[in-house]
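Visitor: Hi, I've got a protein on my screen and a coffee in hand. Can you walk me through it?

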Amino acid sequence: MIIETGQQTSGNTDTEERGPGGERLFAGLGVSPGVAIGVAHVYDAGCVNVPEYRLAKDQVEAEKIRFAEAVAAASAQIGKLQHKARDLPGSSGEELGYLLDAYQQMLKGSRLVRGVERRIGEDRLNAEAAVQQEISQIVQGFAAMDDAYLSARIEDIREVGRRLVRNLTKVPYRPFSNLPKNTVILAEELTPADTALLDPANVAGFATVLGGTASHTAIMARSLGLPAVVGMAGMLTGTRNGQPAIIDGSAGKVILNPGSDTLAFYRRKRAEFLRQRRQLQRLRKVPAVTLDGAEVSLQANLELPAEIDSVLSSGAQGVGLLRTEFMYMNRDDLPSEDEQYVVLSNLLQRLAGRCLTIRTLDAGGDKIAPAIGIVEGPNPALGLRAIRLALKRPEILETQLAAILRAGAHGPVRILIPMVTSVSELLAVRTILQSVEQRLKRRHIAYALPLPPVGTMIEVPGAALAADALAWHSDFFAIGTNDLTQYTLAIDRADEAVSSLYDPLHPAVLRLVQFAAEAALRARIPVSVCGEIAGDPRFTALLLGLGIRDLSMAAANLPVVKQRIRNLDLVAATRRARVIMDQSDSARIAQLLDDFNGNIIGDGL
Ligand code: PEP
Ligand code: MG
């Protein structure tokens with residue numbers, strides 16, 4: 001069965017079609033292009049893969065001791081987090097304190113601990129498997145009770161279970177280790193932290209039931225070059241590990257148990273995709289210049305240090321956005337100044353004189369770092385996150401700024417501040433930066449001189465509307481259209497249920513982009529766009545037409561955007577942008593843009 005409509009549907013309904021010979025096809029949202037062909041690995045976040053074996057009678061006591069040690073270690077780790085929570089200001093510290101108290105209770109003679117001990121003693125099961133089985137049983141019991149409070153506790157129980165398993169296996173946060181080559185991950189949900197652990201050498205692609213196109217998980221898939229689809233309702237029902245699976249990230253499809261015709265079709269499609277990628281690579285060395293001679297700077301977004309090779313081979317002029325969250329993911333403690341300094345200076349060494357724009361920690365929302373102990377408020381996207389969190393926990397920002405300044409002695413860096421809404425936040429950052437500089441000076445440690453430029457992410461409507469004022473205090477702007485779209489339209493970027501409404505071409509979003517870009521141009525500070533639309537050739541003419549000359553994107557998208565630029569006439573693009581900005585309807589805007597793009601031909605070489 002081959003259905004090639006290329007249609008993307010929102011994922012709230014069961015989108016399965018059945019074909020001959022047990023073939024199952026699901027349609028959802030393609031979020032990272034390409035074709036993955038491999039073997040399914042069904043990932044359950046609550047159920048880390050652990051060994052399961054039966055103990056000999058004389059091993060039972062030793063196993064009980066091993067489990068008791070894991071419980072004690074977990075209790076000590078949570079104790080440390082409790083200590084940190086006491087330093088948190090106001091209600092966030094209090095809330096985290098309650099949560100951690102509850103974790104401690106679960107470790108003290110609770111049903112969980114007793115149940116595991118029973119499974120070790122009576123069933124002679126190894127401790128890791130006993131923890132998993134007990135957690136599954138408790139979770140099932142809670143889920144069956146249909147009680148909102150207990151449902152909310154399920155994730156807490158799983159968290160304690162994961163911690164115990166990590167302590168037992170002594171393999172922290174490695175849910176995807178030991179996967180065979182060409183594994184296709186099928187999951188209810190992958191967090192950005194999960195995605196950071198995927199190794200493209202073994203993982204061919206992934207599909208999830210939940211998630212939106214602009215979520216960080218989708219962004220990471222594009223950066224890693226992994227074909228990915230989200231919004232695959234019903235995909236996990238009856239699906240087993242080891243089943244043959246195909247992911248078509250371009251058309252938004254998953255095919256399980258493909259027949260031989262389907263397999264042959266997707267092998268051809270994958271070969272064609274890779275051939276086109278290789279062809280675009282030929283643009284690596286040519287400049288990004290429009291037909292009428294306007295130069296555009298193309299930079300890369302970097303999520304993980306491992307991507308630096310593809311950044312370099314894409315021909316990027318520098319890194320326009322380093323998302324530093326990876327340093328804080330999948331760990332219980334905070335990265336030290338020295339550790340961050342080593343990571344950043346290694347990147348600068350690889351960049352060999354190209355500029356590295358380092359965004360300070362943008363934790364919160366869908367980017368959670370347990371090390372920081374963020375307690376989600378009622379609306380995490382609007383809560384204590386990014387620069388707000390950094391100013392409440394200045395020690396985190398100070399450590400990061402010190403590492404950035406020290407790394408800046410080895411190559412050009414810029415500092416980018418996320419989620420800014422007011423001038424006072426920028427002034428506070430500058431004050432902290434000065435005190436960090438003084439400290440380094442007193443200690444005779446080498447650092448970047450003159451101090452690196454400090455830029456503002458324009459990703460909140462209020463910041464875009466206050467762009468004139470912010471530009472006075474900023475050395476550059478980076479427009480983050482992912483969050484700007486989310487906050488302007490009140491559409492959760494990670495929620496597949498509303499992803500069909502997530503529309504960067506909405507006139508409200510475009511007006512804010514234009515307003516911020518013009519404020520930057522008036523203040524004569526550089527302005528870039530680093531949201532996902534910067535890497536989508538559909539938007540290139542419009543962004544250039546709005547005066548943007550600096551785009552930062554996933555390295556994989558750089559050649560195709562360059563190709564579009566080299567086939568563009570800037571005067572015509574500017575004229576079309578003016579017509580577009582007079583429109584009030586996004587469907588009409590999309591049509592005007594697509595018509596304009598449809599007239600562009602040529603391979604850019
Ligand atoms: C954005 O919001 O557009 C952006 C680039 O930042 P992030 O996607 O990391 O939130
Ligand atoms: Mg953002």
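Visitor: Let's start somewhere random. Is A143 buried, exposed or partly exposed?

Guide: A143 is partly exposed, because its relative accessible area is 47%, which falls between the 20% cut-off for buried and the 50% one for exposed. Bear in mind that this is a predicted model.

Visitor: Noted. Where does A143 sit?

Guide: In helix α4, which covers residues 127-144. A143 and R153 are ten residues apart in sequence, and their C-alpha atoms are 9.8 Å apart in space.

Visitor: Okay, zoom out for me. How many helices and strands are in the protein chain?

Guide: The protein chain has 21 helices and 17 strands. It has 605 residues, and 55% of them are buried.

Visitor: And what about the surface and the contacts?

Guide: The chain exposes about 25200 Å², with carbon and sulfur atoms supplying 53% of that. As for contacts, take those between residues at least 6 apart in sequence: 69% of them join residues at least 24 apart.

Visitor: Now the ligands. Which residues come nearest to ligand 1?

Guide: There are 16 residues around ligand 1, and R323, R359, G480, N482 and R493 come nearest. By class, the shell has seven charged, five polar and four nonpolar residues.

Visitor: Any polar atoms I should look at?

Guide: Try E459, where a polar side-chain atom lies 3.0 Å from an oxygen atom of ligand 1. The backbone also takes part: an N or O atom of T481's backbone lies 3.1 Å from a ligand 1 oxygen, and one from G480's backbone lies 3.3 Å from a ligand 1 oxygen.

Visitor: How much of ligand 1 does the protein bury?

Guide: 100% of it. Taken alone, ligand 1 exposes 290 Å², and the protein buries 100% of that. The elements giving two or more residues to its shell are α7 (216-224), β11 (318-323) and α16 (481-489).

Visitor: Which of them gives the most?

Guide: That's α16, with three residues in the shell. Helix α16 is mostly covered, with eight of its nine residues buried. Among the buried ones are T481, N482, D483 and Y487. Just after α16, A490 takes a positive phi of about 55 degrees.

Visitor: I see a metal too. What are the protein donors of the magnesium ion?

Guide: E459 donates through OE and D483 through OD, and they lie 2.0 to 2.1 Å from the magnesium ion, which is ligand 2. E459 lies in the loop between β14 (454-458) and α14 (461-465) while D483 is in helix α16, so the pair ties together parts that are 24 residues apart in sequence.

Visitor: Are those two donors buried or exposed?

Guide: Both E459 and D483 are buried.

Visitor: Back to R493, since you listed it by ligand 1. Where is it in the chain?

Guide: R493 lies in the loop between α16 and α17 (507-522). R493 counts as buried because its relative accessible area is 6%, under the 20% cut-off.

Visitor: What does R493 touch?

Guide: Leaving aside neighbours within four places in sequence, R493 contacts a list of residues including G212, H216, I219, N482, D483 and Y502. A214 is also in contact with R493, and the backbone oxygen of A214 lies 2.8 Å from a polar atom of the R493 side chain. For another distance, the C-alpha atoms of R493 and D503 are separated by 10.0 Å, with the two residues ten apart along the chain.

Visitor: Switching again: what side chain does E337 make a polar contact with?

Guide: The side chain of R406, at 2.7 Å. E337 lies in helix α10 (residues 337-351), and E337 is buried, with a relative accessible area of 14%. Outside its neighbours within four places in sequence, E337 is also in contact with other residues, including T399, A402, R439 and L440.

Visitor: Last one. What's T290 up against?

Guide: Not counting residues up to four places away in sequence, T290 touches L544, I565, L568 and L570. T290 is in the loop between α8 (260-281) and β10 (297-302). T290 is buried too, with a relative accessible area of 4%.

Terms used. Residues are numbered from 1 along each chain as its sequence is written. Chains are lettered from A and ligands numbered from 1 in the order in which they are written. This is a predicted model: local features need pLDDT of at least 70, side-chain atom pairs count only at pLDDT 80 or more; totals for chains, interfaces and linings use all residues. Side-chain values use heavy atoms; hydrogens and water are left out. Helices (H or I, at least four residues) and strands (E, at least two) are DSSP runs, numbered from the N terminus. Buried means under 20% relative accessible area, exposed over 50%, partly exposed in between (1.4 Å probe, protein chains only). Contact means heavy atoms within 4.5 Å. Accessible areas come from the Shrake-Rupley method with a 1.4 Å probe; for residues, only the protein chains shown count as cover. A residue is near a molecule or strand if one of its heavy atoms lies within 4 Å of it. A polar contact is a pair of N or O atoms within 3.5 Å; within protein, one must be able to donate a hydrogen and the other to accept it, and residues adjacent in sequence count only if both atoms are side-chain atoms. Ala, Val, Leu, Ile, Met, Phe, Trp, Tyr, Cys and Pro count as nonpolar, Asp, Glu, Lys and Arg as charged, and the others, Gly among them, as polar. Donors are N, O and S atoms within 2.8 Å of the metal (3.2 Å for Na, K and Ca); water is not among the atoms, so sites may look incomplete.
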